[in-house]
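Here is a short report for someone meeting this structure for the first time. Keep the model in view while reading.

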Amino acid sequence: MSNRRLIKVLLVDDHPLVLEGIQAIIETYNHIEIVGATCSARKALDIATRTEPDVVMMDINMPDLNGLDAIELFKEQLPHTRLLMLSMHDSREYISTSVMYGASGYVLKDVSTNEIIAAIEAVAAGGTYFSSGVSDVLMRMKDIQKPCGPLTTREQAVLLLVAEGKSSKDVASKLEISARTVETHRKNIKKKLGIATTAGLTRYAIESGLIGQEI
Amino acid sequence: MSLKQKILALATLPLIIAIMAITALVTSQSRDLAQNSIATFEENMLEAKRKELRNYVNLALSAIDQIYANAGPDDVVAQDQVKTILSALSYGEDGYFFVYDYAGNNLVHPRQTFRIGRNWIDLADPDGDLVIKNLIDRAREGGGFHAYKWEKPSSTEIIDKMSYSVVLDKWEWMLGTGVYLDDVIAQTAAANAELKSRINHTFIIVALITVPAVIAVFLTGIVLNLRERRLADDKLKELTQRIIDTQEEERARIARELHDGISQNMVGVRYVFDLAIRKVRDGTPDALSTMERGAEGLNNAIKEVRRISHDLRPGLLDDLGLTAALEGLTNNFTERTGISVDLVSVPFKNLLPADAKTALYRVAQEAFTNIERHARASHVDLRITSNRTGLQMVIADDGHGFDANSDAQRLRTTGSLGLRNMQERLEHFGGELDVRTSASGTILTARLPKSIYLSQNQEPAHI
């Protein structure tokens, strides 16, 4: 046991009973330390900046800020933190969207405690983990490559600002993120939409009705 | 005033106005006509009187002609003879002759003998007419008629009278006689009265026609109104009943699923845990496996709840947006039916308000249900595009199409609200539904206007 590094875990779930239950179980494992348990993703961000957890285990359905959008914020502010989604939903769309937003794992809430621990370990070690039932869904999905991948919430926000003619620096200060992150988003947007230039992005946003020309 | 009342008023008001106008026109024309004929009648009567008067005067003149022609200007004897003859001459009840000299002195007046020998040049009738002076003037002008008021001897009433006077210029006398016009006046008044009563009569007839007509229009309007309202009420009742039925069926289904599925499941779990408790208390070694069985049972219950909840409303729609929800829908559809679906959507989200998203989702759901039930398709294309005018969702299948009328009927009888429902859902957002069907497939197009798009300028820092 002693050769294993202590894994710091932050729990985020808006159901207090679930939160308590998971916390109680995880605390029985010596190699995992709960650095925080909160019911709000925004509070989780604050706690994470202080405690720098290895793994954030988070629910998707939460009021205020949902788990998916929270992934992007965690990724922007704490790039080394790994995200493990803990959800009631077994639809592949939730899983694929979580992966697209940057989650390293996806565990259904109704799996055994052992599996949850295995997931935390795998994700903390830099791998990915998808609980049984999830992984085969994901496998089937792999071969469907969408030519026009959906944008994440953040990418959509960046697209709108860029299309309005804002520079990366403006976008960065407006979204309170680094200019480098904005550049990454821009690159991803261009790749997803298959558009090479900023002018092309603007034209795309206008023609698809995203901005301008209020009717 | 309600719209219905306004329409009713609009229908009856012109009718009433038209009838009133026609009545007024007819009445005024017939009154003019009648008044003309009354005037003619009066004139004829007066003309007859004039002729009569002239005849009487001629008669009197011929009676005294012998004496007058042979008499000298101051032949008092002849004058007395003439006075006597004229005093004795009379006709009818009130017909007599009167004679005045040019100065207005009365010489002959058989009915009012007190006038004889006195001067009446200044005598005026109740209207201020200088009767005697005027009679003398008419006579000296060569003979003429004069109308005035005079006492009728038979009744001693003051009434209208017309006289004809001539001169016996040798003696500077005026000879005249008059008739009373009360019969003319009475007949004219009778004619006028008859006219009035005829106009009243016309009015009554018009009213007898108009009132029932207006009432008929009113009643018809009200009956139509009530009928329409009853039809609308019936439709509404039918719709309400259908909604209630659907709701009840849905509730019954959920209740059944909760009771037969989850509830039984949970009871089972409880027994398992009861058993585990007993085993732990007794120190039986396999309590652990019993508890694991309990946990497994709970998991089944969780899955069951998840399935029911997803059936009721896809959380995907709220959490991940329309595209993800449609992906879920089409994946389920393909798994269930084996019909392949190509889904191409826009790469962005949060374009539509939640209720519009739900509407599109339900339209797609309805379309897929129809395809599954009726189309015998092997492939479906679902495309969502967004442009400057709005959002468009096209669902095209390669089935055998449908006959809009009979299939609509069938859809209704199978409990589905069908195309009509889809259309209404879209129309609520100012959108539209277009369905084209042929033997080689059906293309369903749902459109929503850009005006319902959410503003994308929200503060993006707090997504």
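The report starts with chain A, moves to chain B, and ends where the two chains meet.

This is a predicted model.

**Chain A**

Chain A holds 10 helices and six strands. Of its 215 residues, 42% are buried. Contacts reach far along the chain: among those between residues at least 6 apart in sequence, 60% join residues at least 24 apart.

The strands form an open sheet. Its order is β2-β1-β3-β4-β5-β6 of chain A, and the pairing is parallel. At the edges sit β2 (32-38) and β6 (129-130) of chain A. Each of these edge strands pairs on one side only. Within the sheet, β3(A), residues 55-58, pairs with β4(A), residues 82-87. Four parallel bridges join this pair. Met57(A) stands opposite Leu84(A) in β4(A).

How many residues of helix α7 of chain A are buried? The helix spans residues 153-163, and 11 of its 11 residues are buried. Charged side chains are on that list too, including Arg154(A) and Glu155(A). Others on it are Val158(A), Leu159(A), Leu160(A) and Leu161(A). The partners are helices as well: the buried residues of α7(A) pack against α3 (67-77), α8 (168-175), α9 (179-193) and α10 (198-207) of chain A. After α7(A) comes Gly165(A), with a positive phi near 100°.

**Chain B**

Two helices of chain B make a clear pair to look at. Helix α1(B), residues 3-70, packs with helix α2(B), residues 76-88. Their axes lie 10 Å apart, at an angle of about 160°. That angle is over 145°, so α1(B) and α2(B) are roughly antiparallel. The crossing of α1(B) and α2(B) is right-handed. On the α1(B) side, the contact uses Ala60(B), Ala63(B), Ile64(B), Ile67(B) and Tyr68(B). On the α2(B) side, it uses Ala78(B), Gln81(B), Val82(B), Ile85(B) and Leu86(B). By class, this contact has nine nonpolar residues, one polar and no charged ones.

Chain B also has a hairpin, made of β4(B) and β5(B). Strand β4(B) covers residues 144-151, and β5(B) covers 158-168. They pair in the antiparallel sense over eight bridges. Lys149(B) has Asp160(B) in β5(B) as its bridge partner. Six residues lie between the strands, and in this hairpin Thr156(B) takes a positive phi near 55°.

The two strand pairs described here can be set side by side.

| Strand pair | Residues | Sense | Bridges |
|---|---|---|---|
| β3(A) and β4(A) | 55-58 and 82-87 | parallel | four |
| β4(B) and β5(B) | 144-151 and 158-168 | antiparallel | eight |

Is Leu312(B) buried or exposed? This residue lies in helix α5 of chain B. Leu312(B) has 10 C-beta neighbours inside 10 Å, so it counts as exposed. Its C-alpha atom is 9.1 Å from that of Ile254(B), and the two residues are 58 apart along the chain.

**Where the chains meet**

Chain B puts 28 residues in contact with 34 residues of chain A. On the chain B side, the elements giving two or more residues are α5 (287-312), α6 (315-319) and α7 (322-337) of chain B. The largest share, five residues, comes from α7(B). The chain B side of this contact divides into 11 nonpolar, 10 polar and seven charged residues.

Terms used
Residues numbered from 1 in each chain as written. Chains lettered and ligands numbered in written order. Predicted model: local features only at pLDDT ≥ 70, side-chain atom pairs only at ≥ 80, totals over all residues. Contact = placed C-beta atoms within 7 Å. Axes fitted to C-alpha atoms, helices over the stretch in contact; angles between N-to-C directions. Parallel < 35°, antiparallel > 145°, perpendicular 65-115°, else oblique. Left-handed = near helix turned anticlockwise from the far one by under 90°. Pairing = 2+ DSSP bridges. Buried ≥ 20, exposed ≤ 12 C-beta atoms within 10 Å, placed from the backbone.
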